[in-house]
Amino acid sequence: MRCPYCGKLDDKVLESRAMVNGESIRRRRECLSCGYRFTSYERIDEKPFMVIKRDGRRQPFDRKKLEKGIERALEKRPVSTSMVEQISNDIEDMAVEQGKESREIATSALGELVLEKLYEIDKVSYIRFASVYRHFETLDEFIKEVKEIEKRGKNE
């Protein structure tokens with residue numbers, strides 16, 4: 001590590017300590033050339049989990065966006081805020097699991113995970129989310145989806 005005082009590269013580590021959150025290590029160092037002591041931090045540089053949009057663009061996964069969409073679907077429904085957080089956690093875990101190799105997931109796959117989870121929790125919320133996610137443009141599309149829910153309900 002380059003000494004911030006003299007610029008030389010020779011130093012020794014005097015002390016290493018894991019930080020409280022366990023996500024970094026603090027190291028006290030001493031320059032072997034000039035004796036200056038300084039601190040460095042070591043962190044994991046992790047590649048961010050990405051979402052592939054419909055048009056091919058990639059952007060970092062945004063949990064807040066996910067939660068907002070779920071909250072909108074569940075608005076005024078008998079579902080607690082802690083349940084919204086749990087749903088978001090479950091979906092995020094499933095998304096990361098699906099995209100483990102490439103560290104990315106398509107928005108279509110993410111949307112299907114949300115639909116799957118909402119179907120289990122609340123059918124009205126499922127329809128709300130599906131109508132936006134699947135871009136229902138006619139009443140017939142809406143009715144068809146409701147009939148699919150009825151049919152699935154009878155088969156379960």
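Colleague: What makes a charge count as positive or negative, and how far apart are the mean positions of the two kinds in the protein chain?

Modeller: Lys and Arg count as positive and Asp and Glu as negative, while His and the chain ends are not counted, and the place of a charge is taken as NZ of Lys, CZ of Arg, CG of Asp or CD of Glu. Counted in this way, the protein chain has 33 positive and 31 negative charges, and their mean positions are 4 Å apart. This is a predicted model, in which local features need pLDDT of at least 70 and side-chain atom pairs count only at pLDDT 80 or more, whereas totals for chains, interfaces and linings use all residues. Residues are numbered from 1 along each chain as its sequence is written, and side-chain values use heavy atoms, with hydrogens and water left out.

Colleague: What makes a stretch a helix or a strand, and how many of each are there in the protein chain?

Modeller: Both are DSSP runs, numbered from the N terminus, where a helix (H or I) needs at least four residues and a strand (E) at least two. By that rule the protein chain holds 5 helices and 6 strands, and from the N terminus on their order is β-β-β-β-β-α-α-β-α-α-α.

Colleague: Why is the protein chain called more spread out than a compact globule?

Modeller: The globule rule is 2.2 Å times the number of residues to the power 0.38, and the radius of gyration set against it is taken over C-alpha atoms. For 156 residues the rule gives 15 Å, and the radius of gyration of the protein chain is 25 Å, well over that value, so the chain is more spread out than a compact globule. The C-alpha atoms fill a box of roughly 80 × 35 × 25 Å along the principal axes.

Colleague: Why is Ser88 called buried?

Modeller: Buried means under 20% relative accessible area, exposed means over 50%, and partly exposed lies in between, with a 1.4 Å probe and protein chains only. Ser88 has a relative accessible area of 0%, and therefore counts as buried. This residue is found in helix H2, residues 81–98, and, leaving aside neighbours within four places in sequence, Ser88 is in contact (heavy atoms within 4.5 Å) with Arg63, Leu66, Glu67 and Ile70. Over the whole protein chain, 30% of the 156 residues count as buried.

Colleague: How do you know that the span of helix H3 is close to what is expected?

Modeller: The expected span is 1.5 Å times one less than the number of residues in the helix. Helix H3, residues 107–121, has 15 residues, and the distance from its first C-alpha to its last is 21 Å, close to the expected 21 Å. The buried residues of H3 include Leu110, Val114 and Leu118.

Colleague: Which relative accessible area does Leu118 have, and which residues does Leu118 contact?

Modeller: With a relative accessible area of 0%, Leu118 is buried, because this value is under 20%. Beyond neighbours within four places in sequence, the contacts of Leu118 are Ala73, Leu74, Lys123, Ser125, Tyr126 and Phe129. Leu118 and Ala130 are 12 residues apart in sequence, and their C-alpha atoms are 9.6 Å apart in space.

Colleague: Why is Glu112, which lies in helix H3, called partly exposed?

Modeller: The relative accessibility of Glu112 is 34%, which is between 20% and 50%, so Glu112 counts as partly exposed. Leaving aside neighbours within four places in sequence, Glu112 is in contact with Tyr133 and Arg134.

Colleague: Is Asp122, in the loop between H3 and helix H4 (123–133), buried or exposed?

Modeller: Asp122 has a relative accessible area of 9%, and because this is under 20%, Asp122 is buried. Not counting residues up to four places away in sequence, Asp122 touches Leu74 and Arg77.

Colleague: What is phi of Lys76 near, and is Lys76 buried or exposed?

Modeller: Phi of Lys76 is near 60°, a positive value in a residue other than glycine. Most residues other than glycine have a negative phi. Lys76 is placed in the loop between helix H1 (63–74) and H2, and with a relative accessible area of 78%, over 50%, Lys76 is therefore exposed.

Colleague: Why is Arg103 called partly exposed?

Modeller: Arg103 has 22% relative accessibility, which falls between 20% and 50%, so Arg103 counts as partly exposed. Arg103 lies in the loop between H2 and strand S6 (104–106), and phi of Arg103 is near 60°, a positive value in a residue other than glycine.
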